[in-house]
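Here is a short tour of a fold for you, with strands, helices and cores taken in turn. Have the viewer open and follow along.

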Amino acid sequence: MEKLKVLIVDDEHLIRNLIRMRMDWEQEGFEIVGEAPNAQEAMELVEQVKPDVILTDIYMPNIDGIEFSRSVLEKYPQIKIVVVSGHDEFEYAQQSIKIGVFDFLLKPIRAADLLHVTGKLKRKIEEERSREGELARLKEELARNLPYLREKFLLQWLQGTLSREEIREQAEYFQLPAFRQEAPYQIAVVEITPIAEKHTEEQLILLGMACKRKLELFFQGDPFVTMLLDTRNQFVLISFRPEGDLAGICEALLDRLIHAPKGIVNIGVGRKRHSLQEGHLGYAEACNAIRYKAFVGNNQVICYEDMVDNREETYRSNPELLRQLQFYISVGSSDRAVELLQAIFDVSFSSVSQFRMAAMDVIHECQHAAMEQQLEGEQGLDTETLVSIITADNLPELVQALEPYVLHVAKAISTKRQAKEGNLIYQVQAYLEQNLGDPGVGLASTAAAFFVSPGHLGRLMKKETGQTFVEYLTNLRMKKAECLLKTTDFKGYEIGERVGITDPHYFSILFKKATGRSMNEYRNA
């Protein structure tokens with residue numbers, strides 16, 4: 001650290017000299033940069049040399065040391081002041097502590113006392129400068145991370161996790177003035193995908209970068225539009241424009257973006273919102289609108305409002321039925337998938353657009369299942385099916401158009417699964433079915449039979465079946481037990497032994513947990 005600058009203020013020349021001579025200032029890390037016989041001259045020197053430390057007498061002509069110290073600290077609070085006083089001025093000197101004076105020395109000044117005080121001064125200033133340096137570094141880091149933190153705030157807002165107060169406070173901090181106004185706003189989502197089904201990660205990144213530059217140029221200097229990238233690598237546009245519809249702006253934007261090299265662009269636009277706490281709803285609508293590209297084609301601006309025929313009552317997806325549909329498609333169970341398809345449409349629809357929205361949900365689940373199973377080509381809708389859905393004016397016709405597509409994807413997945421029978425997990429599943437009645441069958445013994453570690457087998461089982469080894473084996477045993485209850489007159493303990501569970505009490509607990517009924521209730525039913 002550089003030497004600390006010291007200013008000595010005392011109306012007696014001998015006292016100033018005494019302070020100079022009492023210690024080796026340079027050796028202790030200090031440098032005396034000036035002396036003054038009174039407060040007026042001292043204040044001028046403070047302005048010129050900007051000292052770190054001032055040693056001042058209490059009694060001086062015109063302005064005393066206390067008043068001088070107060071004036072200095074009001075203007076330069078970082079300067080450390082030590083008051084020099086006699087024994088009869090001790091009580092007066094103590095009062096100086098209240099105005100922020102660092103310490104005081106008693107006359108006659110002893111070298112030990114001076115060294116003690118200057119040592120404290122040096123440590124205090126070093127600590128403060130260290131904190132200031134750390135604070136400066138933190139501020140620099142904050143400035144570097146500000147774009148990331150701003151985007152994080154906007155993503156939280158789009159997810160609906162912030163209160164009104166949090167939105168206002170953070171919008172103020174991140175200098176987003178539009179958020180401080182209770183003005184109507186709209187949200188659009190821009191999805192950009194490569195034309196080619198097979199593409200490298202580098203091609204995807206370059207496509208995204210090219211489109212980002214075009215978006216930034218398009219909205220350059222527009223204070224009413226905020227842009228960010230969401231967790232799905234879609235560009236989100238938040239428009240607070242007082243005039244003009246966002247859909248019209250997006251049409252002009254689309255003309256710029258569709259010329260991006262080898263890219264397909266779809267833009268979904270949510271409805272206008274008037275409350276900042278409804279941002280997540282506008283965002284969800286924009287994302288849902290993009291899903292309608294299956295109906296309207298690519299390179300389109302799709303308004304959520306148009307998709308629901310401007311009706312207040314909208315179709316609401318049944319997440320549980322859709323989850324089950326995807327599951328049965330994923331395991332290649334065509335019959336169960338068709339049953340679920342019928343159940344999804346076994347509800348009251350108030351308009352044609354609503355059952356078309358339900359069809360969109362089904363197509364989305366089929367595509368998701370196909371992509372998870374890494375099928376090539378099965379994800380896409382053929383033109384005939386798409387036309388049938390778009391032109392369907394009644395529910396039976398629409399379901400009739402959808403059913404072959406659901407069967408097509410489910411059967412394609414089933415075919416692929418059958419082709420993988422040589423896979424370890426399929427062999428393990430067959431092994432478990434053959435040795436179901438052996439109570440000694442478990443993860444360790446099965447792993448040993450296939451010359452793999454239990455940990456590796458457990459992870460593979462979880463990955464391929466979605467269940468732990470124990471869960472899978474227990475479910476297998478319970479299904480066999482159900483079959484035996486339906487088709488034989490065996491007693492409960494006999495069935496338990498045949499499925500590898502020799503403890504009757506434990507078997508009855510597992511059975512009831514799996515089926516929701518005791519064995520007697522199950523058999524009677």
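In this predicted model, a good place to begin is helix α9 (residues 279–290), which lies across β6, β8, β9 and β10 and runs at about 35° to β6. Helix α8 (residues 246–257) also packs on the sheet, where it touches β6, β8, β9 and β10.

The two helices can be set side by side:

| Helix | Residues | Strands touched or crossed | Angle |
|---|---|---|---|
| α8 | residues 246–257 | β6, β8, β9 and β10 | about 175° with β9 |
| α9 | residues 279–290 | β6, β8, β9 and β10 | about 35° to β6 |

Now for the sheet itself. Its five strands follow the order β7-β8-β6-β9-β10, the sheet is open, and the pairing is mixed. Because β7 (225–229) and β10 (300–303) stand at the edges with a single partner strand each, one side of each has no neighbour in the sheet. On average, neighbouring strands are turned by 20° against each other, direction ignored.

Within the sheet, β6 (residues 186–194) and β9 (residues 263–269) are antiparallel partners over seven bridges. Glu191, for instance, has Asn266 of β9 as its bridge partner.

What about the nonpolar cores? The largest counts 30 residues, and Ile329, Phe345, Val362, Leu398 and Leu402 have the most contacts inside it. Helices α12 (319–330), α13 (334–344), α14 (352–372) and α16 (395–418) each supply at least two of its residues, with α16 giving the most, nine residues. Leaving aside neighbours within four places in sequence, Ile329 is in contact with residues including Ala337, Cys366, Val406 and Ile413.

Another core, of 24 residues, lies apart from that one; among its members are Leu155, Val189, Val236 and Ile238.

Methods: Residues numbered from 1 in each chain as written. Predicted model: local features only at pLDDT ≥ 70, side-chain atom pairs only at ≥ 80, totals over all residues. Heavy atoms only, no water. Pairing = 2+ DSSP bridges. Helix = DSSP H or I, 4+ residues; strand = E, 2+ residues; numbered from the N terminus. Axes fitted to C-alpha atoms, helices over the stretch in contact; angles between N-to-C directions. Contact = heavy atoms within 4.5 Å. Core = buried A, V, L, I, M, F, W, Y, C linked by side-chain atoms within 4.5 Å. Buried < 20%, exposed > 50% of the residue type's maximum accessible area, 1.4 Å probe, protein only.
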